Amino acid sequence: MGITRRNLMAAASAAAGLYAVPMIGRAQSTKLVFSHHLPTTHVGHATAERFAEQVAKGTNGQVTIDIKPASQLFNLRTSAEALQLGTLDLCWTDLGTLANWQPQFGFISMPFLFTDYDHVKRVMYGPIGEQVVKDARETLNVDILSLGASGFRVFLGKKAMANADDVRGIKLRVPEIPTWVEMARALGTNPSPIPAGEIYTALQTGVVDAVELPPDFIVTSKLFEVAGHATRTHHIFTEVSMMASARKMATLPANVQKVIRDSAVDSVQNVHWNANLKEQTAAWDELAKRVKAIQNPDVASFRTKMAPVYDSFAKRGGAKGKAWVEACQAAAKA
């Protein structure tokens, strides 16, 4: 199920539409720092390495990327903050993190907003995504080189959860993120924001009855040992994107910026997207072998409970956030 750097590079070479980047002439050498929170075994780190190789090749070695993985330099939130301040050049982070400063970006993780990955692609790589990228640059000085996918989250618990009625009254572990806590309350559960490192014990001892997490985290953490039912709700989509300091990008020659942007798009939208989707699918399949899994729950019953969550977000996210949510909903029908 794990994806090695060798496998990633092989997949990349076979991918269609690889970007041909222009070589640049002699210029002063530049080193850019790329910080991220992921372990070196994660597909995101391998993608960052591929991106660095493409940039070096496309600039004749004049631009190099120094990758600092596993929160050696910054974590998810502080990376995004450092981009805004101009004290970091590049990182993996997400729109949900940017929502700490501009709440409208939280639209991406609204519960039961997306139906599938094709729906996500229509949003990310269409007019909505273009608006988001423009807004991040103008409001936060963050240059989103490419929006990307992390995956959908699923439920894991002590009992079957086929519809919204099945989860009423349970103790549900959720991250301490306002929208997600509101989702838990709207479903009639008792939200329990327990740290990730304590989830296994919390399920084992009954501190919580269920969790909602990406399937790969469930499998690698062996949470199936202490909870025997999984539901493929795909209730929240999580995105991870390659971002840069807009201030730093503005100091680079136009042809160097093009190399960086084209390399990011190729690495994120072709390589990372396909490798990550393969890994997430494999993780769910593995989970389904180990527990009683519900592949097709009554998603509509869950979605009908979400009105209070959307109303609350509309107040936080303002006109922009509300408009982006509505555009996402319209894109589901495209």
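1. A residue is called buried when its relative accessible area is under 20%, exposed when this is over 50%, and partly exposed in between, with a 1.4 Å probe and protein chains only. By that scale Lys222 is partly exposed, because its relative accessible area is 45%. Lys222 has a positive phi of about 55° although it is not a glycine, and its place is the loop between helix H10 (215–220) and strand S10 (229–231); helices (H or I, at least four residues) and strands (E, at least two) are DSSP runs numbered from the N terminus.

2. The structure is a predicted model, in which local features need pLDDT of at least 70 and side-chain atom pairs count only at pLDDT 80 or more, while totals for chains, interfaces and linings use all residues. Residues are numbered from 1 along each chain as its sequence is written, and side-chain values use heavy atoms, with hydrogens and water left out.

3. On confidence, pLDDT is the predictor's confidence in each residue, from 0 to 100; the protein has a mean pLDDT of 92, and 92% of its residues reach 70 or more. The pLDDT is below 50 over residues 1–6, a stretch that has 13 contacts in the model beyond near neighbours in sequence, where contact means heavy atoms within 4.5 Å. Over residues 8–26 the pLDDT is also below 50, and that stretch has 38 contacts beyond near neighbours in sequence.

4. One open sheet is formed by six strands in the order S8-S7-S9-S6-S10-S13, with mixed pairing; two strands are taken to pair if DSSP finds at least two bridges between them. Strand S8 (190–192) and strand S13 (292–294) stand at the edges with a single partner strand each, so one side of each is left without a neighbour in the sheet. Neighbouring strands of this sheet are turned by 25° against each other on average, direction ignored, the axes being lines fitted to C-alpha atoms (for helices over the stretch in contact) and the angles running from 0 to 180 degrees between N-to-C directions. Strand S7 (residues 171–173) pairs with S8 in the parallel sense over three bridges, and here Leu172 stands opposite Pro191 in S8.

5. A second point of interest is the open sheet of five strands in the order S2-S1-S3-S12-S4, again with mixed pairing. Its edge strands are S2 and strand S4 (142–146), each of which pairs on one side only, and its neighbouring strands are turned by 30° against each other on average, direction ignored.

6. Within that sheet, strand S12 (residues 241–245) pairs with S4 in the antiparallel sense over four bridges, and S3 is joined to S12 by four bridges, also running antiparallel. On the S4 side, Met243 in S12 is the bridge partner of Ile144 and Asp143 stands opposite Ala244, whereas Thr93 stands opposite Ser241 in S12. Five of the five residues of S12 are buried, so this strand is largely enclosed by the rest of the structure.

7. Helix H3 lies across strand S1 (30–35), strand S3 (90–93), S4 and S12, and runs at about 140° to S3. In H3 (residues 76–85), Ser79, Ala80, Ala82, Leu83 and Gln84 are buried. At the start of H3 a side-chain oxygen of Asn75 reaches to within 3.1 Å of the backbone nitrogen of Arg77, and just after the helix Gly86 takes a positive phi of about 80°.

8. Ser71 belongs to the loop between strand S2 (63–68) and H3. Its phi is near 60°, a positive value in a residue other than glycine, and at 35% relative accessibility Ser71 counts as partly exposed.

9. Turning to the interior, a nonpolar core is a set of buried Ala, Val, Leu, Ile, Met, Phe, Trp, Tyr and Cys residues joined through side-chain atoms within 4.5 Å. The largest has 56 residues, of which Leu95, Phe105, Phe107, Phe114, Ile144 and Phe237 touch the most other members, and helix H14 (residues 307–331) gives the most to this core, with seven residues. Not counting residues up to four places away in sequence, Phe107 touches several residues, including Leu95, Val123, Phe313, Trp324 and Cys328. Another core, of 22 residues, lies apart from the largest one, with Leu38, Phe51, Ala52 and Val268 among them.

10. Lastly, Ser301 lies in helix H13 (residues 299–303) and is buried, with a relative accessible area of 16%. Leaving aside neighbours within four places in sequence, Ser301 is in contact with Asn163 and Ala164.

How values were computed: A polar contact is a pair of N or O atoms within 3.5 Å; within protein, one must be able to donate a hydrogen and the other to accept it, and residues adjacent in sequence count only if both atoms are side-chain atoms.
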